[in-house]
Amino acid sequence: METSYGEMIIKKVKEAQNQQTDLYQIENDINNGFIIVKYEKMAIDEKELLDGAITMQLPAEFAIMDREQAENKYPGPDKPDYIYTNEDTTVNLTFSLVNVGEITNAEISEAAKLMARQMKRLYPAVTIANIQTIPAAEKEISYFSFDLPVIDGDLFNLMFFMEHQNQLLMGTFNCSIYQKKQWQPIIRQMLATIKTARQTSAEKPESR
């Protein structure tokens, strides 16, 4: 029996719906070369960060936040050394070298515990998630997370720590709490890809 034109159209619509559902329900894995967040597909690239000091896999659209936006979003003297952000600046990844003297890879977990206690003193109402330590490409990274109430809506924050050239490298990741469920496993995967870059003299470092 021949399939009518109407039946063929219905079949195509159902196939498209099934493909769309599969796309939106995908379990994000950066090894696939892309992620899906808020129904948007984003390519994953290995990028040189911190003026070429490290590399990390992260969304291709992430770039250094421009100076004016950085001053508005992070006012005061404690602005991070490096701020990377998505196109609408709603998802941010920062890095800062903290002057605490020399530190070793084995001391990173303890440094994270000390910072977690400090954050709890600053924000007694927030719940600090358990500190975890994961192996990155070359070193260990310790991190903890918490949800922070702010004026324009709660933020999901993840703070991470690693040793870099015998110094403490502290980073933060933040996004709207409404995107927490999607970004939480992604940022953990991204952290595991951090490694020391092999920058040559011919390469031009990015501006801050």
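**Exercise 1.** State whether K139 is buried or exposed.

*Solution.* K139 has a relative accessible area of 18%, so it is buried. The class depends on relative accessible area with a 1.4 Å probe and protein chains only: buried is under 20%, exposed is over 50%, and partly exposed lies in between. The model is predicted, so local features need pLDDT of at least 70 and side-chain atom pairs pLDDT 80 or more, while totals for chains, interfaces and linings use all residues. Residues are numbered from 1 along each chain as its sequence is written, and side-chain values use heavy atoms, without hydrogens and water.

**Exercise 2.** Find which residue forms a salt bridge with K139, and where the two residues lie in the chain.

*Solution.* Step 1: the partner is E163, with the closest N and O atoms 2.9 Å apart. This satisfies the criterion of a Lys or Arg side-chain nitrogen within 4 Å of an Asp or Glu carboxyl oxygen.
Step 2: E163 belongs to strand β9 (residues 155-164), whereas K139 sits in the loop between β7 (132-135) and β8 (140-148). The two residues are 24 apart, and their pair links distant parts of the chain. Strands here are DSSP runs of E, at least two residues long, and helices are runs of H or I of at least four, both numbered from the N terminus.
Step 3: E163 is also buried, at a relative accessible area of 9%.

**Exercise 3.** Give the number of salt bridges, and describe the exposure of the residues in the pairs K79–E71 and R117–E110.

*Solution.* Step 1: the count is 5 salt bridges.
Step 2: K79 and E71 join through their side chains at 3.5 Å, N to O. K79 is partly exposed at 29% relative accessibility, and E71 is partly exposed at 39%.
Step 3: R117 and E110 join at 3.9 Å, N to O. Here too the class is partly exposed, with 43% for R117 and 41% for E110.

**Exercise 4.** Work out the strand order of the open sheet, and which strands stand at its edges.

*Solution.* Step 1: the sheet has 7 strands in the order β4-β5-β6-β10-β9-β8-β7, with antiparallel pairing. Two strands count as paired if DSSP finds at least two bridges between them.
Step 2: the edges are β4 (63-64) and β7, each with a single partner strand, so one side of each has no neighbour in the sheet.

**Exercise 5.** Trace the pairing from β5 to β9, and explain why β6 is largely enclosed.

*Solution.* Step 1: strand β5 (residues 82-85) pairs with β6 in the antiparallel sense over 4 bridges, and I83 has T94 of β6 as its bridge partner. The two strands form a hairpin with 6 residues between them, and T89 in the turn has a positive phi of about 60°.
Step 2: β6 also pairs with strand β10 (residues 167-176), antiparallel, over 7 bridges. T94 is matched with T172 of β10.
Step 3: β10 pairs in turn with β9, antiparallel, over 10 bridges. In this pairing, F156 has C175 of β10 as its bridge partner.
Step 4: of the 7 residues of β6 (residues 92-98), 5 are buried, so the rest of the structure largely encloses this strand.
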